[in-house]
Amino acid sequence: MGHRPGITATFRNFLLGNSNKQFLVFLFFLLLSGAFWLFNALNDTYEVEVSVPVRLVKVPRNVVVTADPTDTVKVTVRDSGFALLPYLYGHRFGTLTIDFSIYANRETETGYMPLADMQKQLLARMMSSSKLTSIKPTALGFSFNYGLSKSVPVRVAGTIRPAKSYSLSMVKFSPDRITIYASKRLLDSISYISTEALNITNFSDTVSRTITLKKIHGVKCVPAKVHMTLYPDILTEESFDIPIKAINMPQGKVLRTFPSHMKVHFVVGAKLFRSVRPEQFSVTVDYNELMAHPSDKCTPTVSAYPHNVSSVKIENTQVDYLIEQQ
């Protein structure tokens, strides 16, 4: 049985092969030229945009920040490629801090850090060869109060449309009321907080989601998110016999219709139907209309019905009537 060469010997023989030597020489010079190109490229001057995080510091315990400053600023720096590497990958700028005790105006309950102060803080962290060419935004603002708040309900905003043959029987929020912190002027103007604009359509089963509340500048919502549940209900057609009533009748006269009741058809969610009552419907005949358009028959109309029903219509469009003198 012959002796098989080891892995090391096989690799050495591969490297010492004539054609392989030529490949290794080519690979060496390729890497060398790449290194020279990279060195020259990094010596050129470039501009890069760096995202610098922002943080509001030294906020007193009795203060509620109702509008935070933007969480990052975009800083553009010009320098050689080598010098820019620490800005891009070394977090050289760190965090831009806004000292509440310096920039807060307690009378207006607002504050802002101007561009000059932003530049001063950033320049102190830059290398001497680097040039700061731009900062966006050019100022950092915030607002606050000293705990002034109120409780308001949550309302849904956007498009909520169940599948065909279904209706939305209920929208439930948890919590259904939240606490908002703002200036007195804003608190007085807000009676509810809406959700972010939603687009939930074509659903036939219960939908549960955690929803972000709409942001209002200068207002802090606690909590900032709520749990929303949508309850769809299959639609059903129902009807009630509703008495016909006369309106605008002169004193001493009575209107009698034949028949005296009218069947009113409507569409409602199956679960909601249990809360619908005949007393919520009203079918009327207007005496003034009868006098303005005399006819052998009158046309009753559905003048009132519950807000949670749809497609309301009466069975007969016209009925016989008689006006009697009392």
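**Close-up 1. Pairing of strand 2 with strand 8 in the predicted model.** Alanine 67 has serine 143 of strand 8 as its bridge partner. Three bridges join strand 2 and strand 8, and the pairing is antiparallel.

**Close-up 2. The open sheet of four strands.** The strands follow the order 2-8-6-5 with antiparallel pairing. The edges are occupied by strand 2 (64-67) and strand 5 (104-105); each has a single partner strand, so one side of each lacks a neighbour in the sheet.

**Close-up 3. The largest nonpolar core, with 27 residues.** Phe93 and Leu96 touch the most other members of this core. Among the elements that give two or more residues to the core are strand 3 (72-80), helix 3 (81-89), helix 5 (115-123) and strand 7 (131-136). Strand 1 provides the largest share, five residues.

**Close-up 4. Surroundings of phenylalanine 93.** Leaving aside residues up to four places away in sequence, phenylalanine 93 touches Val50, Val52, Val75, Val77, Tyr87, Leu122, Arg125 and Met126. A second core, separate from the largest one, has 22 residues, including Leu213, Cys221, Val226 and Leu230.

**Close-up 5. Helix 3 and the residue histidine 91.** Gly81, Ala83, Leu84 and Tyr87 of helix 3 are buried. These residues lie on the same side of helix 3, because the arc they cover around the axis is only 150 degrees. Histidine 91, which follows helix 3, has a positive phi, near 55 degrees.

Methods:
Residues are numbered from 1 along each chain as its sequence is written. This is a predicted model: local features need pLDDT of at least 70, side-chain atom pairs count only at pLDDT 80 or more; totals for chains, interfaces and linings use all residues. Side-chain values use heavy atoms; hydrogens and water are left out. A nonpolar core is a set of buried Ala, Val, Leu, Ile, Met, Phe, Trp, Tyr and Cys residues joined through side-chain atoms within 4.5 Å. Buried means under 20% relative accessible area, exposed over 50%, partly exposed in between (1.4 Å probe, protein chains only). Contact means heavy atoms within 4.5 Å. Two strands pair if DSSP finds at least two bridges between them. The arc is that of the directions from the helix axis to the C-beta atoms.
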